[in-house]
Amino acid sequence: METIRAEDLIGLFHSWRDLFVAEREFLIALDGKVGDSDLGITMAKSFTAAADTVAAEGAAAGLPKLLRSAGAIIAKTAPSTMGTLTATGFLRGGKALEGSEAMGTPEAAVFWRAFTTGIAERGKAKLGDKTILDVLDPVATVLEAQAASGAALAPAMAAAAREADAALERTKSLLAQHGKAAAFQEKTIGLQDAGATVGVLLVRQMSAFTAG
């Protein structure tokens, strides 16, 4: 897949929905180690609503509008921390792509950078705090490099997915600084962060979608 157009984006949201429904129990268990065990419920519910919303609006709404609509319904459906952060990411990403009819590698880089910046500002997190930001920031950096080199979307997203996996592994050595996990302090060292895992799942699924 060379670009993601509006009709493709609807399919991508359906694949994200299916993924988070399938990973619901895994995310609940992962979040339960140092959180409140609601992450799997949040992600399944919010992406089901997002998939329904973009499908109802249809491709004629255009790529930026569909991204913003997904963000708005996620914010409404799942007003938890991760729901709010994910919603902000899609709202910012949609705004950054205003005027774009399709998402190639340059647009994917712009989208994920805006998504990442939105999360950082809304969550008041910084790199090294053991959050989703520690996955998405390096992903955006890789996509910017891929765009600069003229890489096509599918291989660029494959590179981003590999970086997401590596970044998730690096977060295990970090000390959690946000949310309920922060109360566990040293106990969070060595644990896989649930929010960072969501970031990996989003990027990995987008890579699989563009490859398929």
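Which residues in α2 meet which residues in α3? In this predicted model, Arg-24, Leu-27, Ile-28 and Asp-31 of α2 meet Leu-39, Gly-40, Ile-41, Met-43 and Ala-44 of α3. The residues of this contact divide into six nonpolar, one polar and two charged. Two packed helices are described by the angle between their axes and the distance between the axes. Here, the axes of α2 (residues 24-32) and α3 come within 6 Å and cross at roughly 145 degrees.

Leu-27 also leads to another part of the chain. Thr-197, found in helix α9, lies 170 residues from Leu-27 along the chain, yet their C-alpha atoms are separated by 8.4 Å. Leaving aside its neighbours within four places in sequence, Thr-197 is in contact with Phe-26, Leu-27, Leu-30, Leu-168 and Gln-192. Thr-197 counts as buried because its relative accessibility is 3%, under the 20% cut-off. Two distances involving Thr-197 are listed below.

| Partner of Thr-197 | Atoms considered | Distance |
|---|---|---|
| Leu-27 | C-alpha to C-alpha | 8.4 Å |
| Asp-193 | side chain of Thr-197 to backbone oxygen of Asp-193 | 2.7 Å |

Helix α9 also takes part in the surroundings of helix α5, where the elements covering the buried residues include α1 (6-22), α3 (39-57), α4 (63-77), α6 (105-123) and α9 (194-211). Helix α5 itself (residues 81-96) has 16 residues and reaches 23 Å from its first C-alpha to its last, close to the 22 Å expected. Its buried residues are Met-82, Gly-83, Leu-85, Thr-86, Ala-87, Thr-88, Gly-89, Phe-90, Gly-93 and Gly-94. Helix α3 thus appears in two settings: it meets α2, and it is among the elements that cover α5.

Terms used. Residues are numbered from 1 along each chain as its sequence is written. This is a predicted model: local features need pLDDT of at least 70, side-chain atom pairs count only at pLDDT 80 or more; totals for chains, interfaces and linings use all residues. Side-chain values use heavy atoms; hydrogens and water are left out. Helices (H or I, at least four residues) and strands (E, at least two) are DSSP runs, numbered from the N terminus. The expected span of a helix is 1.5 Å times one less than its number of residues. Buried means under 20% relative accessible area, exposed over 50%, partly exposed in between (1.4 Å probe, protein chains only). Contact means heavy atoms within 4.5 Å. Axes are lines fitted to C-alpha atoms, for helices over the stretch in contact, and angles run from 0 to 180 degrees between N-to-C directions. Ala, Val, Leu, Ile, Met, Phe, Trp, Tyr, Cys and Pro count as nonpolar, Asp, Glu, Lys and Arg as charged, and the others, Gly among them, as polar. A polar contact is a pair of N or O atoms within 3.5 Å; within protein, one must be able to donate a hydrogen and the other to accept it, and residues adjacent in sequence count only if both atoms are side-chain atoms.
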